[in-house]
Amino acid sequence: MAMGASSAKAVEEAADRATDQPDGAQLRRRLGRADLRAVPEARKALRELLRHWGKPGSEIAELLTSELVTNALIHTDHDAVLTATVGPRGLHVEVRDFVGRRPRLRVPNADDGTHGRGLVLVQSLADAWGVRAHGVGKAVWFELDGGAV
């Protein structure tokens, strides 16, 4: 189903409001096109955000964030934006890019040790995840509840 520009903008704004929790903390980073140095930088920034949040262990959140950031930088030829929000209901992480092509969940090939596992990990480890269209492009997101982070 095609979505009109005003409709897509409304969905994007509603999603932005959903992650703006008054008592939560937020990380927002612009990721430069094809700059894979952003992956460990994003992990470090997320680890710091979660340390201040006070919930134990950030390994799953860091892993899933790395996967989304890597996918956005490798599979698009554009910048991306990472947003992580923590609040009473848990952690919401999304990576927006500026390419409308939706990612495909695929079974990893055993002969290829480096590709095809990112979204499988997200699907397996996140409490919820998905893809939503926004303006020009999409956002791939996941959530972890406070007990899992």
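Me: In this predicted model, which side chain makes a polar contact with the side chain of Arg-96?
Reply: The model is predicted. Arg-96 sits in strand S3. Its polar contact is 2.8 Å long, and the side chain at the other end belongs to Glu-94.

Me: Where is Glu-94 placed, and is Glu-94 buried or exposed?
Reply: Glu-94 lies in strand S3. Its relative accessibility is 4%. Buried means under 20%. Glu-94 therefore counts as buried.

Me: Is Arg-96 buried or exposed?
Reply: The residue is part of strand S3. Its relative accessibility is 6%. With the limit for burial at under 20%, Arg-96 counts as buried.

Me: Which residues does Glu-94 touch, not counting residues up to four places away in sequence?
Reply: Glu-94 belongs to S3. The polar contact with the side chain of Arg-96 spans 2.8 Å. Leaving out residues up to four places away in sequence, Glu-94 touches Val-81, Leu-82, Thr-83, Arg-132, Ala-139, Val-140 and Trp-141.

Me: What separates the C-alpha atoms of Arg-96 and Ala-80?
Reply: Along the chain, Arg-96 and Ala-80 are 16 residues apart. In S3, Ala-80 has Asp-97 as its bridge partner. The C-alpha atoms of Arg-96 and Ala-80 are separated by 5.4 Å.

Me: How many bridges join S2 to S3?
Reply: These two strands run antiparallel. One of the pairs joins Ala-80 to Asp-97 in S3. The number of bridges between S2 and S3 is eight.

Me: Which strands are the edge strands of the sheet?
Reply: The sheet is open, has five strands and pairs antiparallel in the order S1-S2-S3-S5-S4. From one strand to the next, the twist averages 15°. An edge strand pairs on one side only, and here the edge strands are S1 and S4 (128-133).

Me: Which strands does H3 lie across?
Reply: The protein has four helices and five strands. Helix H3 runs at about 175° to S5. The strands that H3 lies across are S1, S2, S3 and S5.

Me: How far apart are the end C-alpha atoms of H3?
Reply: H3 has 17 residues. At 1.5 Å a residue, the helix should span 24 Å. The model agrees, because the end C-alpha atoms of H3 are apart by 24 Å.

Me: Which elements do the buried residues of H3 pack against?
Reply: The buried residues in H3 include Leu-64, Leu-68, Val-69, Ala-72 and Leu-73. Polar ones are buried there as well, among them Glu-62, Thr-65, Ser-66 and Glu-67. The buried residues of H3 pack against S1, H2, S2, S3, H4 and S5.

Me: Which helix gives the largest share of the largest nonpolar core?
Reply: This core has 29 residues, and those with the most contacts inside it include Leu-31, Leu-46 and Phe-142. Elements giving two or more residues to this core include S1 (25-31), H2 (38-53), H3 (59-75) and S5 (138-144). The largest share is eight residues, and it comes from H2.

Me: Which residues does Leu-31 touch, not counting residues up to four places away in sequence?
Reply: Leu-31 is among the core residues with the most contacts inside the largest nonpolar core. Nonpolar side chains tend to be buried together in soluble globular proteins. Leaving out residues up to four places away in sequence, Leu-31 touches Ala-38, Val-69, Leu-73, Asp-79, Ala-80, Leu-82 and Val-95.

Definitions and conventions: Residues numbered from 1 in each chain as written. Predicted model: local features only at pLDDT ≥ 70, side-chain atom pairs only at ≥ 80, totals over all residues. Heavy atoms only, no water. Core = buried A, V, L, I, M, F, W, Y, C linked by side-chain atoms within 4.5 Å. Buried < 20%, exposed > 50% of the residue type's maximum accessible area, 1.4 Å probe, protein only. Contact = heavy atoms within 4.5 Å. Expected span 1.5 Å × (residues − 1). Polar contact = N/O pair within 3.5 Å; in protein donor to acceptor, adjacent residues only side chain to side chain. Pairing = 2+ DSSP bridges. Axes fitted to C-alpha atoms, helices over the stretch in contact; angles between N-to-C directions.
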